[in-house]
Amino acid sequence: MITSASDTHLIKHVIIDNFVAPKCDEFIEILYQDDDILLINKPSGLLSLSGKNPLNWDSVHYRLVNGQKRLTAAFPEAKLPRLDLGTSGIMIVGLNAVASKHLNKQFQVRTIQKRYVAMVEGCLAVSEGQITAPIAKDKLLFPRVKICQSTGKTAVSEYKVLERLNHPFRTLVQFTPVTGRTHQLRIHSQFIGHPILGCDLYKSEQSENMAGRLQLHASDLYFEHPTSGERVHINCPHSF
């Protein structure tokens, strides 16, 4: 309860936004671990990093740094990239400053390759192809982005149909993002008329309600191990 003007002032400066992530009861699965890196399976519905709103304290980073009670040890120097709240799947975590710097450089020069699987609405007629549609921030509808030919940055996504399903019509697709724009796969799917099921931001009249979660999963990661230099590929199957 707010009791004074000073309290009001404090709250306005502490709480940056009104979004509060739902509680996530699923735990983080460790797929691989050594002295330098972790490869983890992030559950859908868990923030990658704790939010500016103090109510959004729970995140992959928080759980790794503090440990998951009776499940995993604490990794106090853990550093990781961001993966959307609703997206599940593989994340790579640096466990020390040297490894994190090496991984960051790989992301910058795009030698790390990621693949995703998604269930999209409808039946894709073409079995594989490339989506090229520039993406810009939507200042009127934050945090959404938009397709914009004049102000958007180049965005390219390759796709391949894995399975076509009926009742209802939907398609399991493998995506390989060539660029790494915010919400790229989600808005590119909507752009071609096949939004990802369960997506709350880029949707049709029925696609959001066709699944209980965003059906987008980071399934494959290709990278160079920061210590051995070995080229590594890891796969994590989806569960939708």
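This report walks through the salt bridges, a charged surface patch and an aromatic pair in a predicted model.

## Salt bridges

Let's start with the charged side chains. Side chains of opposite charge can pair when their charged atoms come close. Across the whole structure, a search turns up five salt bridges.

One of them joins lysine 203 and glutamate 208, whose side chains meet with N and O 2.7 Å apart. Lysine 203 has a relative accessibility of 36%, so this residue counts as partly exposed. Glutamate 208 is partly exposed too, because its relative accessibility is 26%. Another bridge runs between lysine 23 and aspartate 25, with 3.7 Å between the closest N and O atoms. Here lysine 23 counts as exposed at 74% relative accessibility, and aspartate 25 counts as exposed at 67%.

## A bridge between distant parts of the chain

Arginine 186 and aspartate 200 also form a salt bridge, and their closest N and O atoms are 3.3 Å apart. This pair links distant parts of the chain, with the two positions 14 residues apart in numbering. Arginine 186 belongs to helix 4 (184–191), while aspartate 200 sits in the loop between helix 4 and strand 10 (216–224).

Are the two partners buried or exposed? Arginine 186 has 7% relative accessibility, so it counts as buried. Aspartate 200, with a relative accessible area of 40%, is partly exposed. If you are looking at this region on screen, take in Asp84 as well: salt bridges with shared partners join Asp84, Arg186 and Asp200 into one network.

## A positive patch on the surface

Which residues gather in a patch of positive charge on the surface? They are Lys137, Lys139, Lys146 and Lys153.

Lysine 137 can be placed in strand 6, which covers residues 135–137. With a relative accessible area of 71%, lysine 137 is exposed; the cut-off for that label is over 50%.

## The aromatic pair

The structure holds one aromatic pair. It is made by tryptophan 57 and tyrosine 62, whose ring centres lie 5.1 Å apart. The planes of these rings meet at 70°, so the pair is edge-to-face; planes over 60 degrees apart earn that name.

How much of each partner is accessible? Tryptophan 57 counts as partly exposed, at 48% relative accessibility. Tyrosine 62 is likewise partly exposed, and its value is 35%.

Note on methods: Residues are numbered from 1 along each chain as its sequence is written. This is a predicted model: local features need pLDDT of at least 70, side-chain atom pairs count only at pLDDT 80 or more; totals for chains, interfaces and linings use all residues. Side-chain values use heavy atoms; hydrogens and water are left out. Rings of Phe, Tyr and Trp (its six-membered ring) pair if their centres lie within 6.5 Å; planes under 30 degrees apart count as stacked, over 60 as edge-to-face and the rest as tilted. Buried means under 20% relative accessible area, exposed over 50%, partly exposed in between (1.4 Å probe, protein chains only). Patches are made of residues with over 30% relative accessible area and no salt bridge: like charges are joined within 9 Å, nonpolar side chains (Val, Leu, Ile, Met, Phe, Trp, Tyr) within 5 Å. Accessible areas come from the Shrake-Rupley method with a 1.4 Å probe; for residues, only the protein chains shown count as cover. A salt bridge is a side-chain nitrogen of Lys or Arg within 4 Å of a carboxyl oxygen of Asp or Glu. Lys and Arg count as positive and Asp and Glu as negative; His and the chain ends are not counted. The place of a charge is taken as NZ of Lys, CZ of Arg, CG of Asp or CD of Glu. Helices (H or I, at least four residues) and strands (E, at least two) are DSSP runs, numbered from the N terminus.
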